[in-house]
Amino acid sequence: RTARARELRGQIKLLSESAGAEAKGDSLAKLRSELDAVSRDNRAAVRGYIDAFGWFPQNLWNWAASWHAAIIVRHADDDPDLQLRVLATMQPLVEQDRVSLKTYALLFDKVAASASLPQRYGNEGRCVRPGVWEPLPLEDPQNIDTLRNDAGLEPLAQYADFEAQSC
């Protein structure tokens, strides 16, 4: 169902950019409703797995299972308890090389930004004007590129340029 969620997000984006206001209303509402249902189903599946087995460690699953489950959790803005639970579950697994630091870093920043706390890796930000994206407050701005590199992320300036394309 993750592929369906990705497909729905693409359809919503295309419709938002192309159709007139009247044509968009009902179609966007239907697509968003379906996306919400798919997202709820995905979260329930991830939560069920976690309840039964814990996280998706890379030594038992390939990296993609952990990555896609983390994306589902990361987008669960209406379920901060799930996000915090998964973050706490991942931390010791990262230290044991059973979950990638990159996967953890993306969720860490999401949880920090949602709690209005400084983020560690600079993955959460906002458009400040057309074509310009900037990260939300950082824990350690002087060492941000070292932290990002350690997590397998591109330098912050490169990431900001990428995100700015959506501004």
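Biologist: Let's start in a loop: where does S116 lie?

Modeller: S116 belongs to a loop. This is a predicted model with residues numbered from 1 along each chain as its sequence is written; local features need pLDDT of at least 70, side-chain atom pairs count only at pLDDT 80 or more, and totals for chains, interfaces and linings use all residues. Side-chain values use heavy atoms, with hydrogens and water left out. Taking helices (H or I, at least four residues) and strands (E, at least two) as DSSP runs numbered from the N terminus, the loop with S116 sits between α5 and β1 (125-129).

Biologist: What is the phi of S116?

Modeller: S116 is not a glycine. Even so, the phi is positive, at about 60°.

Biologist: Is S116 buried or exposed?

Modeller: The cut-offs are under 20% relative accessible area for buried and over 50% for exposed, with partly exposed in between (1.4 Å probe, protein chains only). S116 comes out at 67% relative accessibility, so S116 is exposed.

Biologist: OK, over to D97: which loop is D97 in, and what is its phi?

Modeller: D97 is in the loop between α4 (80-95) and α5. D97 is exposed too, because its relative accessible area is 66%. D97 is not a glycine, yet its phi is positive, at about 60°.

Biologist: Zooming out, what pattern does the protein follow along the sequence?

Modeller: There are seven helices and two strands to place. Read from start to end, they give α-α-α-α-α-β-β-α-α.

Biologist: How much of the protein is made up of buried residues?

Modeller: The protein has 167 residues to sort by accessibility. The share that counts as buried is 37%.

Biologist: And what part of the contacts comes from residues 24 or more positions apart?

Modeller: A contact here means heavy atoms within 4.5 Å. Counting contacts with a separation of 6 or more, the part from residues 24 or more positions apart is 48%.

Biologist: Now some packing: at what angle do the axes of α3 and α5 cross?

Modeller: Two packed helices are described by the angle between their axes and the distance between the axes. Axes are lines fitted to C-alpha atoms, for helices over the stretch in contact, and angles run from 0 to 180 degrees between N-to-C directions. For α3 and α5 the axes come within 10 Å, with a crossing angle of roughly 5°. Since angles under 35 degrees count as roughly parallel, α3 and α5 are roughly parallel.

Biologist: Which residues of α5 does α3 meet?

Modeller: The α3 side consists of S66, W67, A70, V73 and R74. Ala, Val, Leu, Ile, Met, Phe, Trp, Tyr, Cys and Pro count as nonpolar, Asp, Glu, Lys and Arg as charged, and the others, Gly among them, as polar. That scheme splits the contact of α3 with α5 into five nonpolar, two polar and three charged residues. The α5 partners are K102, T103, L106, L107 and K110.

Biologist: What about α3 and α4: at what angle do their axes cross?

Modeller: The axes come within 9 Å of each other. The crossing angle is roughly 145°.

Biologist: Which residues of α4 make the contact?

Modeller: α3 contributes A70, V73 and R74. This contact divides into five nonpolar, one polar and one charged residues. From α4 come L82, Q83, V86 and M90.

Biologist: How much space lies in the largest cavity?

Modeller: A cavity is a set of points on a 1 Å grid over the protein atoms alone where a 1.4 Å probe fits but cannot get out. Grid points are joined across faces, edges and corners, and the volume is the space filled by probe spheres set on the points. A search of the whole structure turns up one cavity of 30 Å³ or more. The space in the largest cavity is about 50 Å³.

Biologist: Which helix gives the most to its lining?

Modeller: Lining residues have an atom within 4 Å of a point, and here they are W67, A70, I71, R74, T103, L106 and L107. Both α3 (63-74) and α5 (101-114) supply at least two of them. With four residues, the top contributor is α3.

Biologist: Last one: why does R43 count as buried?

Modeller: R43 is in helix α2 (residues 21-53). Beyond its neighbours within four places in sequence, R43 contacts I72, A76, D78 and L82. R43 counts as buried because its relative accessibility is 10%.

Note on methods: 1 Å grid on protein atoms, 1.4 Å probe; cavity = no way out; pocket = protein on both sides within 12 Å on 5 of 7 lines; lining within 4 Å. Parallel < 35°, antiparallel > 145°, perpendicular 65-115°, else oblique.
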